[in-house]
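Work through these exercises with the coordinates open. Each task is followed by a stepwise solution.

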Amino acid sequence: MAHICLLLSGAALLINGLAALKLLPRRDAAVISLVIGSIQLALGITYLGITGDGGLHLLLGASGMFLFGLTYVYVGLDFLLGLGSRVLGWFCGMVGLCGLLLAAAWSGEDPLLAVLWLCWTYLWLLFYLQLALGMEHLTPLIGWSLVLTSQASATVPAFMGLTGRWPGEPEIAAGAAVSLLALLLVAGGLAWRGRHQTAARPAAVESPLPGELKV
C-alpha cells in the first residue's frame, strides 16, 4: 500500500507543479489533491489495520503515508475554501522537519528511501518559505521542482516497489541522490530564466484610439 500511495503522489506532485506554472487550473489541481490525499489517508488506515503490530517499520511507513495524505488534503481544502495558505505553510514546515527525521531513520536500512525523503523535505520547505514567510517569488522554482522530480522521486520508485525491484544498494541510492540534485538544479535554472525573461520583456504600449492625440 505504501507503494500505491507513492504512485499517487507522483501524479499529485506533477499536477500541482503544472498548476504552479499556470499550465493547469489551480482549482482542478486542488480537487485532484483532495481526492488523492483522501485515498492515501484511507490506505494508511487500512495499512495499519491489516498489518497489525509490525513494529518500527510499520509506524515509519504509515507515518509517510499520513504526512503525504494530510498535505494533499490540506492543499486541496486551502484553495477550495480560500483559507489563506499561511497556516498551510507552517504545516509544510513541520512536515519538512518530520521528513528530515524520517530520512535519518531510513538511512541505515533503506538508503534510497532516505534520499527520497530528503528530496521531499526540500519540496515541503519550499512551500514553507513561500506560504508561511511570503516568498512568492519562489513559485516558479516550486513549480519546476515539482514537475521535474515528481516522476523520479515518486512514480519510478513506486513501480520499482510494486514489481519487487526496490533496490537496497548504497550505490543506487547515491546515483538517485545525484540525479535528483541535478533535476533540482535544472529547476532552479528554469525558474531563474523565466523570471529574467519576464523582467526583460518590454511593457506593452497602449495605442491611442482613432482621432485621439497620443501624449
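**Exercise 1.** Which residues make the nonpolar surface patch of about 280 Å²?

Solution.
- Note that the model is predicted.
- The patch is made by Ile4, Phe159 and Leu162.
- Take Phe159 next. Its helix is H6, which spans residues 139–162.
- Now classify its exposure. The partly exposed class runs between 20% and 50% relative accessible area. Phe159 has 47%, so it is partly exposed.

**Exercise 2.** Place Ala174 in the fold and classify its exposure as buried, partly exposed or exposed.

Solution.
- Start with the helix. Ala174 lies in H7, residues 170–200.
- Then read the accessibility. The relative value for Ala174 is 41%, so the residue counts as partly exposed.
- Finally, check a contact across the sequence. Val115 is 59 residues away from Ala174 along the chain, yet their C-alpha atoms are separated by 8.1 Å.

**Exercise 3.** Describe the largest pocket by volume, lining and residue class.

Solution.
- Volume: about 560 Å³ for the largest pocket.
- Lining: 27 residues line the largest pocket. Nearest its centre lie Asn16, Arg26, Val75, Leu88 and Phe127.
- Helices: H1 (2–20), H2 (26–51), H3 (55–81), H4 (86–106), H5 (111–132) and H6 each supply at least two lining residues.
- Class: the lining of the largest pocket has 19 nonpolar, five polar and three charged residues.

**Exercise 4.** Do the second largest pocket in the same steps, and find which helix gives the largest share of its lining.

Solution.
- Volume: the second largest pocket has about 380 Å³.
- Lining: 19 residues line the second largest pocket, with Ala2, His3, Gly61, Trp106 and Leu113 nearest its centre.
- Helices: at least two lining residues come from each of H1, H2, H3 and H5. H3 gives the largest share, six residues.
- Class: twelve nonpolar, six polar and one charged residues make up the lining of the second largest pocket.

**Exercise 5.** Examine the backbone at Lys22 and Ser85. What sign does phi have at Lys22, and where is Ser85 found?

Solution.
- Lys22 is not a glycine, but its phi is positive, about 65°.
- Set this against the general rule. Most residues other than glycine have a negative phi.
- Locate Lys22: the loop between H1 and H2.
- Classify Lys22. Its relative accessible area is 75%, and the exposed class begins over 50%, so Lys22 is exposed.
- Repeat for Ser85. Its phi is also positive, near 75°. Ser85 sits in the loop between H3 and H4.

Technical notes. Residues are numbered from 1 along each chain as its sequence is written. This is a predicted model: local features need pLDDT of at least 70, side-chain atom pairs count only at pLDDT 80 or more; totals for chains, interfaces and linings use all residues. Side-chain values use heavy atoms; hydrogens and water are left out. Helices (H or I, at least four residues) and strands (E, at least two) are DSSP runs, numbered from the N terminus. Buried means under 20% relative accessible area, exposed over 50%, partly exposed in between (1.4 Å probe, protein chains only). Patches are made of residues with over 30% relative accessible area and no salt bridge: like charges are joined within 9 Å, nonpolar side chains (Val, Leu, Ile, Met, Phe, Trp, Tyr) within 5 Å. Accessible areas come from the Shrake-Rupley method with a 1.4 Å probe; for residues, only the protein chains shown count as cover. A salt bridge is a side-chain nitrogen of Lys or Arg within 4 Å of a carboxyl oxygen of Asp or Glu. On a 1 Å grid over the protein atoms alone, a cavity is a set of points where a 1.4 Å probe fits but cannot get out, and a pocket is an open set with protein on both sides within 12 Å along at least five of seven lines; lining residues have an atom within 4 Å of a point. Grid points are joined across faces, edges and corners, and a volume is the space filled by probe spheres set on the points. Ala, Val, Leu, Ile, Met, Phe, Trp, Tyr, Cys and Pro count as nonpolar, Asp, Glu, Lys and Arg as charged, and the others, Gly among them, as polar.
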